[in-house]
Amino acid sequence: QVQLVESGGGLVQAGGSLRLSCAASGRTSSRYTMGWFRQAPGKEREFVSAISWTGNTHYADSVKGRFTISRDNDKNTVYLQMNSLKPEDTAVYHCARAQAYGGTALYTGVRSYDSWGQGTQVTVSS
């Protein structure tokens, strides 16, 4: 099994930036698509961004141009740089690893991922 641990969340004013990290341990392999999702109180978990093991990326329209996903396969770590944050970005952010080994698809559905971190809280004040 793989364990995913997120870090880097916190409280920031609107317009500010945060960088989230997701460190993988255990049965790690770089040949998986990794994703970031978020869940606000009372709402369903929603897709934010995904990155294939080859480095291709995909973003939700709501974060495109503001967030950047990246990965360091040597460090088994995925990052989410979040700029120009808005109050509506407030949520618990989770990283996840896709089920399919070796694939390069950029999955946006929750069911395509089978390993999840506990999440890190991001709060953006207005």
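1. Let's start with Ala14, which sits in the loop between β2 (10–13) and β3. Strand names here follow DSSP: helices (H or I, at least four residues) and strands (E, at least two) are its runs, numbered from the N terminus. Ala14 is partly exposed, at 43% relative accessible area; buried means under 20%, exposed over 50%, and partly exposed in between (1.4 Å probe, protein chains only). Which residues does Ala14 touch, leaving aside its neighbours within four places in sequence? They are Leu85, Pro87, Val124, Ser125 and Ser126, where contact means heavy atoms within 4.5 Å. Take Val124: it is 110 residues from Ala14 along the chain, yet their C-alpha atoms are separated by 5.7 Å.

2. A word on what you're looking at. This is a predicted model, where local features need pLDDT of at least 70 and side-chain atom pairs count only at pLDDT 80 or more, while totals for chains, interfaces and linings use all residues. Residues are numbered from 1 along each chain as its sequence is written, and side-chain values use heavy atoms, with hydrogens and water left out.

3. Next, have a look at the open sheet: four strands in the order β1-β3-β8-β7, with antiparallel pairing. Two strands pair if DSSP finds at least two bridges between them. At the edges are β1 (2–7) and β7 (67–72), each pairing on one side only. Between β1 and β3 (residues 18–26) there are six bridges, and Ser7 stands opposite Ser21 in β3.

4. Now for β5 (residues 46–51). Five of its six residues are buried, so the strand is largely enclosed by the rest of the structure. Strand β4 (residues 32–39) runs antiparallel to β5 and is joined to it by five bridges; Met34 has Ile51 of β5 as its bridge partner. With β6 (residues 57–59), β5 shares three bridges, again antiparallel, and here Ala50 is partnered by His58 of β6.

5. Both of those pairings are hairpins, so check the turns on screen. Six residues lie between β4 and β5, and Gly42 in that hairpin takes a positive phi near 80°. Between β5 and β6 there are five residues, and Gly55 in the turn has a positive phi of about 100°.

6. What about positive phi in residues that aren't glycine? Asn76, in the loop between β7 and β8, has a phi of about 50°. Asn76 is partly exposed, with a relative accessible area of 27%. Ser84 has a positive phi near 50° and lies in the loop between β8 and β9 (91–101). At 41% relative accessibility, Ser84 is partly exposed.

7. How many cavities of 30 Å³ or more does a search of the whole structure find? Just one, and the largest cavity holds about 110 Å³ of space. On a 1 Å grid over the protein atoms alone, a cavity is a set of points where a 1.4 Å probe fits but cannot get out; lining residues have an atom within 4 Å of a point. Grid points are joined across faces, edges and corners, and the volume is the space filled by probe spheres set on them.

8. The lining of the largest cavity has 14 residues, with Ala24, Ser29, Met34, Arg71 and Asn76 lying nearest its centre. The elements giving two or more residues to this lining are β1, β7 and β8 (77–82).

Conventions:
1 Å grid on protein atoms, 1.4 Å probe; cavity = no way out; pocket = protein on both sides within 12 Å on 5 of 7 lines; lining within 4 Å.
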